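Subject: The structure for you to look at

Hi,

Here is the structure I promised to pass on. Have a look at it first, then read my notes below.

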Amino acid sequence: MASLKAATLSGLLAIVLWSSLALLTTATEGLPPFEVLALGFGFAALFGFARIALGGRDGWRELRQPWSALALATAALFGYHALYFMALKRAPAVEANLLNYLWPLLIVLLAGLLPGVRVRGAQLMGTLLGLVGAIVLVTHGSGIEIQPQYLSGYLAALGAAVVWAAYSVLNRRHAQVPSAAIIVACALVAVFGLLAHAGFERTVAPSAKQWLVLAAMGMGPVGAAFLLWDHGTKHGDIAVLGSLSYLAPLLSTLLLVLAGRAEPHWSQAVAIGLLMLGAWLSLRKPNPA
């Protein structure tokens, strides 16, 4: 039970780290998205390999993994980001983000298919409240308008949500693989990102400040976060993690407000209430029979 709670906490820390990604990304303004992807994951791989090297031979052994585990992690990390970038280019950001934020709900729904995992009704209700909170947060309480000309962008955003949810659940099949092994996937994502950048974008030289920001991304939300999430999804309570994942857009928005990158709005208070209620329902222990 203690290891289950520790692994779930690991996944929660990943969610907290991901909430800093939007703020850091604003500092990379002017850089093409695949260039940011390649450099961010490049730094993640660099820091990861440096940590492994300090462990000597035992450290390098942690990178050993079946090809199926490496393929799953690489495809998920690159596929999710590529689809999300495509969605933001081909559809309005509000609608694209809303469809993308279906991934926590999908995790909870898919988790019920795992052997030995039982999704409680309260957890599903808590996740739905989180989704409503995310909708209020992203739309500022106003309506959304689905337009047919943005269909490819909507499908890309939905595809990103499905990819990340499926990876988070299927990752449990490789519970025996050390979480450090995801460093190899980060390195491959950096290579694929570089190839996509070379094929579709024009290189822009980062400023000194942007290099520091890219390094921070590689150390935190694009680096350590994926190791923590890997451990959490393999050994933690996957349904609880799915429900709590809606904290990411909330914390991200609050960080942007505190940094002066976004304006305070009443919808943020409503979203906080909904997300906190949803988290309480998800974490509440059922009454003994």
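What percentage of the 289 residues of the protein chain count as buried? It comes to 49%. Keep in mind that this is a predicted model, so every value here is computed from that prediction.

**The whole chain**

Let's start with the overall picture. The protein chain has 14 helices and 0 strands, so if you walk along from the N terminus you meet one α element after another. As for its dimensions, the C-alpha trace spans about 50 × 45 × 35 Å along its principal axes. A compact globule of 289 residues would have a radius of gyration near 19 Å, and because the protein chain has 19 Å, the two agree.

Contacts tell you something about how the chain folds back on itself. Take the contacts with a separation of 6 or more: 89% of them involve residues 24 or more positions apart. On the outside, the protein chain exposes about 13,800 Å², and carbon and sulfur atoms supply 70% of that area. There are 17 positive and 10 negative charges, and the mean positions of the two sets are 12 Å apart.

**Helix 6 and helix 9**

Now zoom in on helix 6, which covers residues 93-100. Which of its residues are buried? They are Glu 95, Ala 96, Asn 97, Leu 98 and Asn 100. The buried residues of helix 6 pack against helix 5 (67-90), helix 7 (103-111), helix 8 (121-139) and helix 9.

Two other residues of this helix are worth a click. Ala 93 is found in helix 6 and counts as partly exposed because its relative accessibility is 42%. Leu 99 is in helix 6 too, and at 23% relative accessibility Leu 99 also counts as partly exposed, since the cut-off for buried is under 20%.

Both of these residues lead you over to helix 9. The C-alpha atoms of Ala 93 and Gly 153 are separated by 9.7 Å, although the two residues are 60 apart along the chain. Leu 99 and Ala 160 are 61 residues apart in sequence, and their C-alpha atoms are 8.7 Å apart in space. If you leave aside neighbours within four places in sequence, Leu 99 is in contact with Tyr 154, Ala 157, Leu 158 and Ala 161.

Helix 9 itself runs over residues 151-170. How far apart should its ends be? At 1.5 Å a residue, its 20 residues should span 28 Å, and the end C-alpha atoms are indeed 28 Å apart, so the two values agree. Its buried residues include Gly 153, Tyr 154, Ala 157, Ala 160 and Trp 164. While you are looking at helices, here is a handy rule: an α-helix has 3.6 residues a turn, so residues three or four places apart point the same way.

**Three more residues to find**

Next, try Lys 234 in helix 11 (residues 208-235). Is Lys 234 buried or exposed? Lys 234 is buried, because its relative accessible area is 5%. Beyond its neighbours within four places in sequence, Lys 234 is in contact with Asn 171, Arg 172, His 174, Ala 175, Val 177 and Pro 178.

Then there is Ala 239, in helix 12 (residues 238-244). Its relative accessibility is 0%, so Ala 239 counts as buried. Not counting residues up to four places away in sequence, Ala 239 touches Val 108, Ala 111, Val 119 and Gln 123. For a long distance to trace on screen, go from Ala 239 to Ala 53: they are 186 residues apart along the chain, with 34 Å between their C-alpha atoms.

Finally, where does Glu 201 sit? Glu 201 is in the loop between helix 10 (182-200) and helix 11. With a relative accessible area of 15%, Glu 201 is buried. Setting aside residues up to four places away in sequence, Glu 201 touches Pro 32, Pro 33, Phe 34, Glu 35 and Ala 196. Glu 201 and Leu 17 are 184 residues apart in sequence, and C-alpha to C-alpha they are 28 Å apart.

Have fun exploring!

Note on methods: Residues numbered from 1 in each chain as written. Predicted model: local features only at pLDDT ≥ 70, side-chain atom pairs only at ≥ 80, totals over all residues. Heavy atoms only, no water. Helix = DSSP H or I, 4+ residues; strand = E, 2+ residues; numbered from the N terminus. Rg over C-alpha atoms; globule rule 2.2 N^0.38 Å. Buried < 20%, exposed > 50% of the residue type's maximum accessible area, 1.4 Å probe, protein only. Contact = heavy atoms within 4.5 Å. Areas by Shrake-Rupley, 256 points an atom, 1.4 Å probe, with all protein chains shown as cover. Lys, Arg positive; Asp, Glu negative; His and termini not counted. Charge placed at Lys NZ, Arg CZ, Asp CG, Glu CD. Expected span 1.5 Å × (residues − 1).
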